[in-house]
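Student: Could you take me slowly through one part of this protein, and show me how that part sits among its surroundings? I would like a careful account that I can follow with the structure open beside me.

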Amino acid sequence: DGRIKPSLTIGTERMLTVGLNNNLVIASGAAIAGAILAGVVALVYQWGYVEGNDINLYPQKMKNYLILGSVKFEGYTYPNQLWGFGALSIERLFEELNKISSRKETLLKHNGYLGSKKLYVRLPLQIYY
């Protein structure tokens, strides 16, 4: 039907985790990816709701944030059926979220105005809430 699936991928080959009786085991696969994704989504909701960076966080916006935090590999055209929009990078995701937080703080400091001494751009504060 033309949709890109998967939306993004999560590298989960040979991940160190805890198994039965608190023994360390190496695991791979979709179960590990699901656990990582659930944890990342919980952290993004904390960033959005709890910390007040995006209290209007809804599923499509969450998906967009995750895609924003993905990395693309050289030699591929994105999106594609193998990697979707890229591979999730938790580090990149939170770097991007920190940039969003910084822009919001700058707008709040300047009463919604962003710019230099010669040029001011008025951005509605509502787009950051």
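Tutor: What follows is a close look at helix α1, beginning with the whole chain and ending with some parts outside the helix.

Please keep in mind that this is a predicted model. The protein has 3 helices and 6 strands in its secondary structure, and along the sequence these elements come in the pattern β-β-α-α-β-β-α-β-β. Of its 129 residues, 29% count as buried. Among the contacts between residues at least 6 apart in sequence, 43% join residues that are at least 24 apart.

Now to the helix itself. α1 is made of 21 residues, and from its first C-alpha to its last it reaches 29 Å, which is close to the 30 Å expected at 1.5 Å a residue. Which residues of α1 are buried? They are Ile32, Ala33, Val40, Val44, Trp47 and Gly48. If you look down the axis of α1, these buried residues fall within an arc of 135°, and therefore they line one face of the helix. It helps to recall a general point here: an α-helix has 3.6 residues a turn, so residues three or four places apart point the same way. The face of α1 that is turned away from the buried side carries Ala31, Ala35 and Val50, which are exposed. After the helix comes Gly52, and its phi is positive, near 75°.

The next step is to ask what the buried side meets. The largest nonpolar core has 15 residues, and those that touch the most other members are Val40, Val44, Tyr65, Leu66, Leu88, Leu93 and Leu97. Two or more residues of this core come from each of α1 (30-50), α2 (59-68) and α3 (90-109). Val40 is a good residue to select in your viewer: if residues up to four places away in sequence are not counted, Val40 touches Leu66, Leu88, Ile90 and Leu93.

Trp47 deserves a view of its own, and aromatic rings are the topic here. In general, a pair of aromatic rings is described by the distance of the centres and the angle of the planes. The protein has 5 aromatic pairs. One of them joins Trp47 and Tyr65 in an edge-to-face arrangement, with 5.5 Å from centre to centre and 90° between the planes. Because Trp47 lies in helix α1 and Tyr65 in helix α2, the pair ties together parts that are 18 residues apart in sequence. Trp47 counts as buried because its relative accessible area is 4%, under the cut-off of 20%. Tyr65 is buried for the same kind of reason, since its relative accessibility is 11%.

For a contrast, turn to another pair, that of Tyr76 and Trp83. Their rings are also edge-to-face, with 6.3 Å between the centres and 70° between the planes. Tyr76, however, is partly exposed, with a relative accessible area of 40%, and Trp83 counts as partly exposed at 24%. Together with Phe73 and Tyr78, Tyr76 and Trp83 form one aromatic cluster.

Trp83 leads us to Thr9, a residue found in the segment before β1. Leaving aside neighbours within four places in sequence, Thr9 is in contact with Leu82, Trp83, Gly86, Ala87 and Leu88. Thr9 counts as buried, because its relative accessibility is 15%. Notice that Leu88 is also one of the residues touched by Val40, so you can find Leu88 again when you go back to the helix.

Finally, look at the two strands that precede α1 in the sequence. β1 (residues 15-18) and β2 (residues 24-27) pair in the antiparallel sense over 4 bridges. Leu16 stands opposite Ile26 in β2, while Val18 has Leu24 as its bridge partner. The hairpin has 5 residues between its strands, and Asn21 takes a positive phi there, near 55°. Asn23 lies in the loop between β1 and β2 and, leaving aside neighbours within four places in sequence, is in contact with Thr17 and Val18. With a relative accessibility of 44%, Asn23 counts as partly exposed.

Conventions. Residues are numbered from 1 along each chain as its sequence is written. This is a predicted model: local features need pLDDT of at least 70, side-chain atom pairs count only at pLDDT 80 or more; totals for chains, interfaces and linings use all residues. Side-chain values use heavy atoms; hydrogens and water are left out. A nonpolar core is a set of buried Ala, Val, Leu, Ile, Met, Phe, Trp, Tyr and Cys residues joined through side-chain atoms within 4.5 Å. Buried means under 20% relative accessible area, exposed over 50%, partly exposed in between (1.4 Å probe, protein chains only). Contact means heavy atoms within 4.5 Å. The expected span of a helix is 1.5 Å times one less than its number of residues. The arc is that of the directions from the helix axis to the C-beta atoms. Two strands pair if DSSP finds at least two bridges between them. Rings of Phe, Tyr and Trp (its six-membered ring) pair if their centres lie within 6.5 Å; planes under 30 degrees apart count as stacked, over 60 as edge-to-face and the rest as tilted.
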